[in-house]
Amino acid sequence: MATAEGQTSPVKTSHEKAWHEVVLQALKRNDIRLVPYVPDRVLTTLIKEIHADPFFTTFPTAREEEAVGIVSGAWMGGMRGAVLMQTSGFATLANVLASLAIPYQIPLIMFVSERGTLGEFNYGQSLVCRPMRPVLDSLAMEHHTATRLDEFEFIVDRSIKQAITTQAPVALILSPLLTGGKVFDK
């Protein structure tokens with residue numbers, strides 16, 4: 001199946017939702033209204049759908065730490081939020097997670113499009129992908145890697161509910177097996 005920007009994504013049957021539709025519906029179901037993001041090609045369709053939906057307040061940020069700070073402040077003010085980013089952006093977050101989101105028990109929901117694996121063409125992306133899960137583990141932060149559409153809705157919905165109930169951040173890593181990844185034509 002072809003998607004925006006000339007990318008391909010895993011085949012879905014007519015009764016299945018696309019991964020970005022699952023995210024959109026889970027955010028709404030869990031009253032996640034604020035969605036700052038750092039632009040990312042893999043997340044383009046999701047970002048466009050969030051912008052088009054008046055339920056959400058969404059805007060790009062210059063850096064991932066900025067988006068985390070905005071969502072953290074919103075939580076303290078009574079609003080739920082999620083951040084959209086790619087793997088390389090996650091590489092800048094250890095400090096803000098360890099000094100803000102985790103100790104202040106902010107249920108930060110992070111959707112991270114995974115780069116640096118499965119045929120990655122950019123060596124720099126591969127270098128920042130390798131330490132992502134060990135960093136999450138060292139912070140004792142809940143994280144799940146989504147690879148299959150048939151499990152994705154359950155993982156997203158339950159991860160959001162757990163983050164809110166336990167007031168702890170969660171990272172949902174979106175594997176290229178789920179999203180189709182970033183593809184460049186030669």
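**Figure 1. Surroundings of Glu 64 in the predicted model.** In this predicted model, Glu 64 is in contact with Val 38, Met 85, Gly 89, Thr 92 and Leu 93, leaving aside its neighbours within four places in sequence. Glu 64 belongs to helix α3, residues 64-76. Its relative accessible area is 9%, so Glu 64 counts as buried. Gln 86 is 22 residues away from Glu 64 in sequence. In space, the C-alpha atoms of Glu 64 and Gln 86 are 9.2 Å apart.

**Figure 2. Arg 115 and its contacts.** Arg 115 sits in the loop between β4 and α6 (123-129). Is this arginine, Arg 115, buried or exposed? Arg 115 is buried, because its relative accessible area is 3% and the cut-off for buried is under 20%. Residues up to four places away in sequence are not counted in what follows. Arg 115 touches Gln 86 and Thr 87. Arg 115 also touches Glu 120, Phe 121, Asn 122, Gln 125 and Cys 129. Lys 182 is another residue that Arg 115 touches.

**Figure 3. Thr 87 in helix α4.** Helix α4 covers residues 87-90 and holds Thr 87. Thr 87 has 0% relative accessibility, so this residue counts as buried. Not counting residues up to four places away in sequence, Thr 87 touches Val 112, Ser 113, Glu 114 and Arg 115. With the same exclusion, Gln 125, Val 128, Cys 129 and Met 132 are also touched by Thr 87.

**Figure 4. The β1-α2-β2 unit.** Strand β1 is covered on both faces. Leu 34 and Pro 36 are buried on one side. Val 35 and Tyr 37 are buried on the other. Strands β1 and β2 run parallel and are joined by 4 bridges. Val 35 has Thr 58 of β2 as its bridge partner. What is the hand of the β-α-β crossover from β1 through α2 to β2? The crossover is right-handed.

**Figure 5. Packing of helix α2.** Helix α2 spans residues 44-52. Its buried residues are Thr 44, Thr 45, Leu 46, Ile 47 and Ile 50. The cover over the buried residues of α2 includes helix α1 (19-29). It also includes the strands β1 (34-37), β2 (57-60) and β3 (82-86).

**Figure 6. The largest nonpolar core and a second core.** Nonpolar side chains tend to be buried together in soluble globular proteins. Here the largest nonpolar core has 30 residues. Which residues have the most contacts inside this core? They are Leu 27, Leu 84, Ile 109, Phe 111 and Phe 152. Two or more residues come from each of α1, β1, α2, β3, β4 (109-113), α8 (149-166) and β6 (170-174). A second core is separate and has 21 residues. Leu 34, Leu 97, Val 112 and Ala 171 are among its members.

**Figure 7. Contacts of Leu 27.** Not counting residues up to four places away in sequence, Leu 27 touches Ile 32, Val 35, Ile 50, Phe 55 and Phe 56. With the same exclusion, Leu 27 also touches Ala 82, Phe 111 and Ile 160. Leu 27 and Phe 111 are both among the residues with the most contacts inside the largest nonpolar core.

**Figure 8. The aromatic pair of Phe 55 and Phe 56.** The count comes to 1 aromatic pair. Its ring centres, those of Phe 55 and Phe 56, are 5.0 Å apart. The ring planes of Phe 55 and Phe 56 are at 85 degrees, so the pair is edge-to-face. Planes over 60 degrees apart count as edge-to-face. Phe 55 and Phe 56 are both buried.

**Figure 9. Two loop residues with positive phi.** Ala 140 is not a glycine, yet its phi is positive, about 55 degrees. Ala 140 lies in the loop between α7 (132-138) and β5 (142-146). Its relative accessibility is 72%, so Ala 140 counts as exposed. Gln 167, also a residue other than glycine, has a positive phi near 50 degrees. The loop between α8 and β6 contains Gln 167. Gln 167 has 33% relative accessibility and therefore counts as partly exposed.

Definitions and conventions:
Residues numbered from 1 in each chain as written. Predicted model: local features only at pLDDT ≥ 70, side-chain atom pairs only at ≥ 80, totals over all residues. Heavy atoms only, no water. Buried < 20%, exposed > 50% of the residue type's maximum accessible area, 1.4 Å probe, protein only. Contact = heavy atoms within 4.5 Å. Pairing = 2+ DSSP bridges. Right-handed = clockwise from strand over helix to strand, strands pointing away. Core = buried A, V, L, I, M, F, W, Y, C linked by side-chain atoms within 4.5 Å. Phe/Tyr/Trp six-rings, centres within 6.5 Å; stacked < 30°, edge-to-face > 60°.
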